Structures are given as C-alpha cells and as structure tokens.
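Please take a moment with the sequence and the structure shown below. The paragraphs that follow lead through the chain step by step, moving from paired strands to the interior, the charged pairs and the surface.

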Amino acid sequence: YEQNVIGYYPLYSGESTLIKSIESEFHGADSISITKNYTYDLYRLPIRVESTQSDNSTIIEKYQYPFDFSGLSTPLQKMRDNNMINPVIEKQVWKDDKLIAATFNQYGNFGLNNDVPLLNNVYQVETKNPLFVYEYRGIDVHGNLQEWTQYKSKINYNYDNDCNLLSVRKTDDIPFTYIWGYNKTLPIAKIANAYPNHVLFEGFESSPDFITYLSSDAKTGRHSWGNSYLVHLPSSGSYVLTYWKKDPTSTWQLVTQTISSDTPIGNTTGTLIDDIRVCPANAKMTTYTFDPLVGMTSSTDPNNMTTYYRYDVCGRLTDVFDNDKKILKQYTYNYSNPSSDAITTDMTCSCFTISFPNNLNFYSSSAGCPATLTATDAGPGATFKWEYNQGAVITGNPVNVNLLSGSHYAGLVLTITN
C-alpha cells in the first residue's frame, strides 16, 4: 500500500517586541557604540529607552501616554474613553540623572460639541542648565502644568467646529490661518500673518446660496458670480480687498482697493466677479480650487498669479498651465508598448483617429480651426465622451470640434449600451 507522509511544521503566534539594540559606528580601527534597552507598558508602548554611550554616560528617554494620567472632564479622559492610547503626552530626556530636554503635548476638546480631543499646544522645557529631579516642575498627575513650571509654549493649534485646522502659530513667529470649503472637506485658502477673524475668501465654488447667480465662466474653478455682491468686513479695521472682474466686452481684470467697512461690488448688468479676498495689508493669502475626488485645479499665490492643473478622465495630472494658460509641464501615460496614437506635434486643422482604449495628446498653434475626432475598435453599441480644448467635453463618435490654441488631451470614456 501507499503511505503518504505529511510534514508537520508548528506555527507560533504572538508579538515580538524589541528589547535591546546596539548601534556601532566604525572609524578605522576605532568604533563608537550605543546600546539601547527598551521598557514597555501594558499596551506595548515604550515608556523608557535607556541608551548607554561609549563613554559609559547614560541617556534615558521617558514617555507618558493618556492612560498614565487620572482626572475626569479633561481631554485626556476623553482620549481614554475613545481608547486613544498611543499619543505621547510627555517626553523627558535625562542624562546622568539630570533633565536636559522635555516636551509636553497638551490636548484640548474641539468640535461642535467640544468632544473631540485634538493637539492644542506644544510646550518645551527651557532652562540654562540641566535640572535635578527636585528642580523639575512639569505636569501633575492630571496632565496639567504645575505652578512655576519650566515649560514654555512653542506651538498653538486651533480648529473649527468640523475639527479642521483653523490656525497654527509658533512662538515668536507669524500665525497661519486656513479657510475650508467644499463642505468643509478641502482647504481653499492659506493666509500667512493673519488670524481667522481677520480674513475672508469667497470663490463661489461650494455655497448653495449662490446657485441663482452663478456663472460657469470663471477665473478659477467652475463658477463665478453674476450679480452685485456685498463684501462684509471680517472685523473692524482696514483691509485690502482684491477680486477679479469681467465685463461683457472684456477679459478678466484684477481689482484692488482698501476698505474699512462693508463694500458692495459687481452689478446686475452682466459683470462677473470671482475670487474675492480680504485680509490685512501685511498678510499673504494663497487660494485653491479643486475638482473633488480628482485633485487641485488651480493655485493662486499672494500676488494673484494662478497656476492651473488639468487631469485626464482617469484622474491623472496631464497639464500644468501658468497664469496666462500657457503650458508649464505636460505628463503622458502609456502602456508598456506606447501607442502610435500619441501625437505631440502641431496638428492644427486636422483629423484625428484613435483606437480604443488609447488616448490622444496633440497641440494646436492657432485657434478656430475645425477638427474631427474619431474612435475605432470599440465594438458595436459604444459611445464616447471626449475631453478637448483644455476642459471642454463632448459626446459622440465621430465629433467635429473647433480647436483653441494650446495643448489638448482627447480622453475617452466608453459606454456600452445594450
């Protein structure tokens, strides 16, 4: 009879935790070694790292986490309730039994109901000389700063009701403020040297109140405003107001003025306005527009110079344009065997044929020339959506278009109908 022999291999499960490491650095015949020993708490988080140097001096790093503190009705209690066990609350560094450095991360409760613990302040110990144990005054068992502490504030963070970062400031440095749009999911403005109550930005991209007077002719993004608009002062004081204006017979023009009260702009006679900015004169505002779930479509710097970004139908970045819509960068994506359909030369006033599923890139040096776009090899019942003229979309096969000057991407989205 046949006998089948099956090998037996035991499998062991469990956690492997680093308890010791030795780092050696060699310089010819000499070497420098650092030996580290690790100690962990119940949650496998390091609470002590002891490093022994080649000169036999010892540096000890000590860590404390939310579960190392007591007290109710504090952000630390909320962190414990939410099982947030691994944020480091305090780190101390001791050398030869003297404190040489320490950092305290203080959390606060934020959000609409003040029930979301987020990092609020970062403190660091400031001392001219290392501190003995009896000299050090840090934080108490509840995670609060002790009286006469050597901790000094280094960074402050603030958040809005949706827990988005609203402002951040380092000690002895300028503040940075952020404005969020697209239903509070994306940052639409970053302002250097201003606080949240001193800035305003409106790009008309995501506010449902604006539907009646929105226009698809925009300086940036997808929408502009086609009626009079009252610019409200963020708070009392003098501010610089900038916005883009387009009259029925002109191109987009930048308007800059100083305001100290609510200011009406625009009109009801066909003038469009876009990208309203209000900030102090010494502040610098950068603004952004997005195609949600795709990417950033424009970035406008403090001098109101815009960089535009375009993507293909797969959400990949294809073109970067400067303020005048001239190409700065182009990206092409090919399969392992590049298709002959990739055309990068001047193809003004031509007919283009593209075999599915390849894409077509081409350049037109003049505007207003007719072209025909045709897709082949897609099978019966197929329809296509074409993107051309730096963002225009048309459905059909073939399609007849009039080209603008510049770079074009003929992207296909295939739909099969039964």
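In strand 7, which residue is the bridge partner of Thr-103? The partner is Gln-124, and before following this pair further it should be said that the model is a predicted one. Thr-103 and Gln-124 belong to a pairing in which strand 6 (98-110) and strand 7 (116-125) run in the antiparallel sense, with eight bridges between them. The two strands form a hairpin with five residues between them, and in the turn Gly-111 has a positive phi of about 95 degrees.

Strand 6 also pairs with strand 5, which covers residues 90-95, again in the antiparallel sense and over six bridges. Within this pairing, Trp-94 has Leu-99 of strand 6 as its bridge partner. Here too the strands form a hairpin, this time with two residues between them, and Asp-96 in the turn has a positive phi of about 50 degrees. Another hairpin is found where strand 1 (residues 20-27) runs antiparallel to strand 2 and is joined to it by eight bridges. One of the pairs there links Glu-23 to Ile-34 in strand 2, while two residues lie between the strands and Gly-28 in the turn has a positive phi of about 65 degrees.

These hairpins can be set against the chain as a whole, whose secondary structure comes to one helix and 31 strands. Of its 418 residues, 38% count as buried. When contacts with a separation of 6 or more are considered, 44% of them are between residues 24 or more positions apart.

Strand 6 appears again when one turns to the interior. The largest nonpolar core has 16 residues, and those that touch the most other members are Ile-89, Leu-99, Phe-104, Val-125, Tyr-136 and Tyr-151. Two or more residues of this core come from each of helix 1 (75-81), strand 6 and strand 7, and strand 6 gives the most, with four residues. Leaving aside residues up to four places away in sequence, Phe-104 touches a set of residues that includes Ile-89, Val-122, Tyr-123, Ile-139, Leu-145 and Tyr-151, and also Glu-90, Asn-121 and Gly-143. There is, moreover, a second and separate core of 14 residues, among them Trp-225, Tyr-239, Tyr-243 and Ile-276.

Charged side chains make a further kind of link, and a search of the whole structure finds six salt bridges. In one of them Asp-217 meets Lys-246, with the closest N and O atoms 2.6 Å apart. Because Asp-217 lies in the loop between strand 13 (214-215) and strand 14 (224-225), whereas Lys-246 is in strand 16 (residues 239-246), this pair ties together parts that are 29 residues apart in sequence. Asp-217 has a relative accessibility of 29% and therefore counts as partly exposed.

Is the salt bridge between Asp-319 and Arg-310, whose closest N and O atoms are 2.7 Å apart, made by residues that are buried or exposed? Asp-319 counts as buried because its relative accessibility is 2%, and Arg-310 counts as buried as well, at 6%; the cut-off for this class is under 20% relative accessible area. The salt bridge between Arg-316 and Asp-312, at 2.8 Å from N to O, joins residues of two classes, since Arg-316 is partly exposed with a relative accessible area of 29%, while Asp-312 counts as buried at 6%.

Lys-284 offers a view of how positions separated in sequence meet in space. This residue belongs to strand 20, which covers residues 284-291, and its relative accessible area of 49% makes it partly exposed. Lys-284 and Pro-302 are 18 residues apart in sequence, yet their C-alpha atoms are 5.2 Å apart in space. Besides Pro-302, Lys-284 touches Lys-190, Ile-191 and Ala-192, when residues up to four places away in sequence are not counted.

Finally, on the outside, the chain exposes about 24200 Å², of which carbon and sulfur atoms supply 50%. Leu-42, Tyr-43 and Phe-67 together make a nonpolar surface patch of about 340 Å². Of these residues, Tyr-43 is placed in the loop between strand 2 (30-40) and strand 3 (46-52), and Tyr-43 is partly exposed, with a relative accessible area of 37%.

Terms used
Residues numbered from 1 in each chain as written. Predicted model: local features only at pLDDT ≥ 70, side-chain atom pairs only at ≥ 80, totals over all residues. Heavy atoms only, no water. Patch = residues over 30% accessible without salt bridge, like charges linked within 9 Å, V, L, I, M, F, W, Y side chains within 5 Å. Areas by Shrake-Rupley, 256 points an atom, 1.4 Å probe, with all protein chains shown as cover. Salt bridge = Lys/Arg side-chain N within 4 Å of Asp/Glu carboxyl O. Buried < 20%, exposed > 50% of the residue type's maximum accessible area, 1.4 Å probe, protein only. Core = buried A, V, L, I, M, F, W, Y, C linked by side-chain atoms within 4.5 Å. Contact = heavy atoms within 4.5 Å. Pairing = 2+ DSSP bridges.
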